[in-house]
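Okay, everyone, thanks for coming. Let me put the picture up, and then we can walk through it together.

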Number of protein chains: 2
Amino acid sequence: MMPKAPILLMAPLALFAHDLMPVPAKLQPGAGRLRIDRNFAFVQLTGYREPRLEAAAARLVEQVARKTGIPMAPGIGLHAPEAPLIVYCDHASAPVQTVQEDESYRLTVTPLGARLDAPNPLGVLRGMQTFLQLIDLDASGFGVPAATIEDHPRFPWRGLMLDVARHWIPLEDVKRTLDGMAAVKLNVFHWHLSENQGFRIESKRYPKLQEMGSDGQYYTQDQVREAIAYARELGIRVIPEFDMPGHATAWFVGYPELASAPGPYQIERQWGIFDPAMDPSREETYQFLDAFIGEMAALFPDEYFHIGGDEVNGKQWDANPRIQEFMRAQGIKGNEELQAYFTRRVQAIVEKHGKKMIGWDEILSKDMPHNILVQSWRGQKALADAARQGVGGILSNGYYLDLGYSAAHHYAVDPLGEGAANLSAEQRQRVLGGEACMWSEFVTPELLDTRVWPRMAAIAERFWSPQNVTDVADMYRRLSAVSRDLEWLGMTHVSEYEKMLMRLAAGGPVAPVRALADVVEPVKDYAREEAHPYDRFTPLNRLVDAARPDSETVRRFTALVDRMGTEDLPQIREWLTLWRDNQARLAPVIANSALLAEDAELSKELSAIAEAGLQALDRKQDAAWIVEKRALLDHAKQPRAELLLSVEPAIRKLVEAAR
Amino acid sequence: MMPKAPILLMAPLALFAHDLMPVPAKLQPGAGRLRIDRNFAFVQLTGYREPRLEAAAARLVEQVARKTGIPMAPGIGLHAPEAPLIVYCDHASAPVQTVQEDESYRLTVTPLGARLDAPNPLGVLRGMQTFLQLIDLDASGFGVPAATIEDHPRFPWRGLMLDVARHWIPLEDVKRTLDGMAAVKLNVFHWHLSENQGFRIESKRYPKLQEMGSDGQYYTQDQVREAIAYARELGIRVIPEFDMPGHATAWFVGYPELASAPGPYQIERQWGIFDPAMDPSREETYQFLDAFIGEMAALFPDEYFHIGGDEVNGKQWDANPRIQEFMRAQGIKGNEELQAYFTRRVQAIVEKHGKKMIGWDEILSKDMPHNILVQSWRGQKALADAARQGVGGILSNGYYLDLGYSAAHHYAVDPLGEGAANLSAEQRQRVLGGEACMWSEFVTPELLDTRVWPRMAAIAERFWSPQNVTDVADMYRRLSAVSRDLEWLGMTHVSEYEKMLMRLAAGGPVAPVRALADVVEPVKDYAREEAHPYDRFTPLNRLVDAARPDSETVRRFTALVDRMGTEDLPQIREWLTLWRDNQARLAPVIANSALLAEDAELSKELSAIAEAGLQALDRKQDAAWIVEKRALLDHAKQPRAELLLSVEPAIRKLVEAAR
């Protein structure tokens, strides 16, 4: 049973409760509404023109058609096409999109038409997404509320890192992800292309990299060019990452001489941190990297080039007498200094090939040139330290989508918060923005969208919108709207969830499986890896894989309980009754599905605490009852089958209120 | 609220209640079960080999992975790959797939492995689909029940006609449709490429056909070759249809001289039958067709070539003095004879280019050569008449998917039933099978799958399975399973339904919209066109477009009412309560959605008859009550917003039982 009126849970209706995400820098509501109907068949481009703008206009018309179900095809309507959206673009953007480009735009909507002005095509692209998001359906039909929007991003670097190496993610899934990124005004796709578990791109110079290091699962250079061109159409930069000197086992399968210990090597199938690392003591290593980075630098036009640099445990270095001798001879003290030596050498190579180096925290050392960029998995303090040294950075700590935290959790993280809050104005300029990270230990193409969306949209807002946009309830209201828009655009986070539940149900009814799935969340942080021995071939088809990291049902129920007006009681009771009775419905399904067997106890726990919640609503309870129910709740909140019963705190609140 | 246990509605569990659709010719259950787990990573091909078989094996592994969620990649498992499916193919099939090819196979599954034997690759393709369908999940995990299957089709011609002209259907949707067809062992894709509303294929010889007749919405010849190659991989023949001499307005936009009245012509935007027809009196018409058919005959390798031939109203012929003079001079009496003259001329051209002509009923005339094929929209009697004349045929009457009938309705139609039941054995051989028809007045790419699937699978079974496979309840049980399989394969009939409901809800809760949508069906036959002035640009985004032609909810509820054991009463009551209370939930959503406004009355009617049903369950009622409720039901069963409240008959049964 669905809640009768989730709209009750929304923030009080403002005069103009728009569904925009990210929230624009400035929005002035107007009067009336621009109607979108079958005559909205034209986007008129004026000013500077280029094919990318023509394509964007055609795509916008197509996306409006998809969102509204109104067939629109420029110029072939029965009626004379009207031109309600006039676009003016002043001049071209850079031939290769740079970090500091202007992405501003101004959008004016009146009942008579709309006008989008931008200095360059990037602003047009951003403004078109705003126009598309503004379209809604009300009692009068589809339309756009009148408004004037002046918008520009807070940070110039707004990214998503996608790990396509641990689990292989084919090109079509990458392109779909780029579509979604553009919808929420992200502008950097960071492509994590190599790992212990796979080398995912074709090298013509060193073909054994992909031939021996990828199981045949890699992008050809043509595909890479296709992805880069696709991203450029959307105003997204593409930055490749080749992780070194660690996280590189897949390189060593074809080229064991690169490693610090003799081979042979095999593609790693487990998850974790492993010993193999490149040999920083041999000149041949740098010769190889020079040729390889040269090849890749020519393929990827972006000014930045990511060399990873994280998590080297140094064991192979410690165990290699030749490397130890090299360190003594060079006066290098310890593995940290050895990695710094390696990184400086690599930085010189990257610079030689015309690029700026970016890498994880570990790349920063005292005598590193300042034109590098640090991507911090450690936090704002590390960014602040870099900024004080004169080195730029972006934040990823707090934005790891794979850890299963809520959108609200990520939304609260600010690149200029915490340890970076006290930077000077000049130092703050060095914090360019942030990147969410989608590591793929628990991500397959099937699961990708359910792990990225819709939470990524909340992070995108953090990167784009003014710092004072922090209302969590309003964020979730708009997140629901953008989530629907993303499904129209082709994301599969809703439909794949349904398919996975269908699979789990093993031909039985899906509804009781959904009732349970809707109130559980995967355990957070790295608890899954600790709970179960996972590898590259472990099926990810369990309830924990289907379950969402941020349950909307729990959020709505919790809001009802927090408010708990008299008018909310019937709805609270209805939910609790559904959950209490679900055990009887779900048990026969579980009995017939090997995949659900592990969830039997979870279903019983849900039923038991829902019954406690109903008792709490029935009458005031005595102390003995409270003690008993607290024990019940304590028991229920333990992880089971790597899942948390995330509705437990709200029910606990009901129980405590019954005293 | 969903039914607690739809499994209760299934047929009594047989010893081997397989989910196969179509049902194989012969199935012998075995003992035990072949386990499908992460070690099922290999299909071993033996005997005759060709690239198509390698591709099919790779596709099978991928589809098993998708259905089970178990990552499978040949040869890269942690463990030694086992080879549970051994395929033996005896020899090649014809270079161009023919009508009479052997499609038989034998599949043996034991707990130790499976073996698939087929004389040629077509049988291998069919058998692989059977193996994939057999995979299910039970309490022991994924697996295939042991069995021996010997299978072959009843009819050699099992097709789907897709109209890509009235609404444009892009290549990717065509390819997805081919995937679905292969899953249910269909073997003919009939591509309806030209119509009054559009000419959808590139002609290099007469480029104004697509340039002026398609709004830019046409397939290039490269795309056509791609589709044909794609279909061949799946064992599907591709037959183009160029409808002539009528249904041809789009040709005349670029080449008005082909028509029987002076131009200029414009692409037709309305639906219906129109006057324009080719001029059968001019030699230039046949010269044009000779060159055009020659070009297309070279592009499409199939032995058959479809020339349409239906629905010429003759008005342009009547009005053209030169054509009237030609008829007098040639001794042609009436328009039927004139069309017969035209068709004989075209048949000679088709034959000259190495093809056999196929067309709708109207192509058949007394002195037509016997090597043509009649596709009958009229019925079995027309097929029987042709067969008695020595002419082959296929049945489409009864298989029009656009008319909104149930799967059961189509399932009951047999190509050799009705007027063809009394043919001699030799004459029966001339009835080659049938084709479902998907005319696209009410079909867009978004709606395509919801209109084709899953009903198409029931028709596919009619074409493949033995004639005595007619159990409707068992058909529906298996249809549910194949419907799930089709979603894994990429069909969107389930996910698009959900998206359309989400759009209708206008940001409000979807559940009450779904509750109504689940118990209504679009009006049948041609009632929609009569209800509303539709054209090419009419938005198809209403509840009638989302609603399914064959409501599973209604079917389940009706089965409960038909059986109505004591144990069914709570579930019947639960459904009725949901529907009665839905009006209060849906009304605020309707008030905020212009798209739902027209459905307000329908929602009230549902609520009212559900209340009557609940009263009927409460106690015996008197005669006055019955009279009142009958009037209520009579009122409720009227179409509203082109929708039928298809749950009405089951509720009526409850009401009548309360006497």
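So, what turn and what shift lay chain B on chain A? Keep in mind that this is a predicted model. The turn is 180 degrees, with a shift of 0.0 Å along the axis, and the RMSD comes out at 0.0 Å. Those numbers are what you get from a two-fold axis. The two copies also use the same surface: of the contact residues of chain B, 98% recur in chain A.

Let's look at one copy by itself for a moment. Chain A has 25 helices and 19 strands. Its radius of gyration is 27 Å, and the globule rule gives 26 Å for 659 residues, so chain A is as compact as a globular protein of that length. If you draw a box along the principal axes, the C-alpha atoms of chain A fill roughly 80 × 70 × 50 Å.

Now, back to where the chains meet. How many residues of chain B are in contact with chain A? There are 57, and they touch 57 residues of chain A. About 4900 Å² is buried between the two chains, and carbon and sulfur atoms give 62% of that area.

What about charges? The rule finds 10 salt bridges across the interface of chain B and chain A. Here's one to find on the screen: B:Arg585 pairs with A:Glu574, and their closest N and O atoms are 2.6 Å apart. Between the chains we also count 20 residue pairs in polar contact, both residues being at pLDDT 80 or more.

Which parts of chain B supply at least two residues each to the side touching chain A? Among them are helix 1 (51-68), helix 16 (472-489) and helix 22 (569-591), and strands 6 (136-138) and 7 (141-151) are in there as well. Helix 17 of chain B gives the most, with 7 residues. Sort that whole side of chain B by residue type and you get 27 nonpolar, 13 polar and 17 charged.

Before I stop, a few backbone oddities. In chain A, the peptide bond joining A:Trp453 and A:Pro454 is cis, with omega about 0 degrees. You'll find A:Pro454 in the loop between helix 14 (445-452) and helix 15 (455-464) of chain A.

Over in chain B, have a look at the bond from B:Gly263 to B:Pro264, which is cis with omega near -5 degrees. B:Pro264 sits in the loop between helix 6 (249-254) and helix 7 (283-299) of chain B.

And where in chain A is A:Glu642? This residue is in the loop between helix 24 (623-636) and strand 19 (643-645). A:Glu642 isn't a glycine, yet its phi is positive, at about 65 degrees.

Okay, that's my tour. Over to you!

How values were computed
Residues numbered from 1 in each chain as written. Chains lettered and ligands numbered in written order. Predicted model: local features only at pLDDT ≥ 70, side-chain atom pairs only at ≥ 80, totals over all residues. Heavy atoms only, no water. Contact = heavy atoms within 4.5 Å. Buried area = accessible area lost by both parts, 1.4 Å probe. Salt bridge = Lys/Arg side-chain N within 4 Å of Asp/Glu carboxyl O. Polar contact = N/O pair within 3.5 Å; in protein donor to acceptor, adjacent residues only side chain to side chain. Helix = DSSP H or I, 4+ residues; strand = E, 2+ residues; numbered from the N terminus. Nonpolar A, V, L, I, M, F, W, Y, C, P; charged D, E, K, R; others polar. Least-squares fit on C-alpha atoms with pLDDT ≥ 70 in both. Rg over C-alpha atoms; globule rule 2.2 N^0.38 Å.
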